[in-house]
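Good morning, everyone, and thank you for making time for this. I would like to talk you through a few side-chain contacts and one backbone angle, so please have a look at what is on the screen.

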Amino acid sequence: MEIKIGIQNINREIILESDQSADDVANQVSEALAKGSELRLKDEKGRMIIVPGTALGYVELGGEKARGVGFGAL
């Protein structure tokens, strides 16, 4: 799933692909906003993205990834 994160007062957004479900990410975002804590997400390559909850502008969750077909899916 593609996740786009907008940061307050920054022109560029953070874009990552994650294996997490949309509900899991939405729950993490809600918790970070409610508590003012950091948002920690892991992309599908294992990298950790940490964003302060107080700096979040928006989080856009894309649709779940469909399974690839053909040689490109290897």
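Glu38 and Arg40 join their side chains in a salt bridge, with 2.6 Å from N to O, and I should say at once that this distance comes from a predicted model. As for their surroundings, Glu38 is partly exposed, at a relative accessible area of 39%, and Arg40 is also partly exposed, at 43%.

How many salt bridges does the structure hold? There are 3, and another of them links the side chains of Lys35 and Glu31, at 3.3 Å from N to O. These two residues sit 4 residues apart in helix 1, which covers residues 22-35, so about one helical turn separates them. Lys35 counts as exposed, because its relative accessibility of 61% is over the 50% cut-off, whereas Glu31, at 44%, is partly exposed.

Then we have Arg47 and Asp43, whose side chains meet in a salt bridge at 2.8 Å, again from N to O. Is Asp43 buried or exposed? With a relative accessibility of 9%, Asp43 counts as buried, since the limit for that word is under 20%.

Let me turn, finally, to the backbone. Asn9 is found in the loop that runs between strand 1 (2-7) and strand 2 (13-17), and Asn9 counts as exposed, with 83% relative accessibility. Its phi is near 65 degrees, which is a positive value in a residue other than glycine. For context, most residues other than glycine have a negative phi.

Key: Residues are numbered from 1 along each chain as its sequence is written. This is a predicted model: local features need pLDDT of at least 70, side-chain atom pairs count only at pLDDT 80 or more; totals for chains, interfaces and linings use all residues. Side-chain values use heavy atoms; hydrogens and water are left out. Buried means under 20% relative accessible area, exposed over 50%, partly exposed in between (1.4 Å probe, protein chains only). A salt bridge is a side-chain nitrogen of Lys or Arg within 4 Å of a carboxyl oxygen of Asp or Glu.
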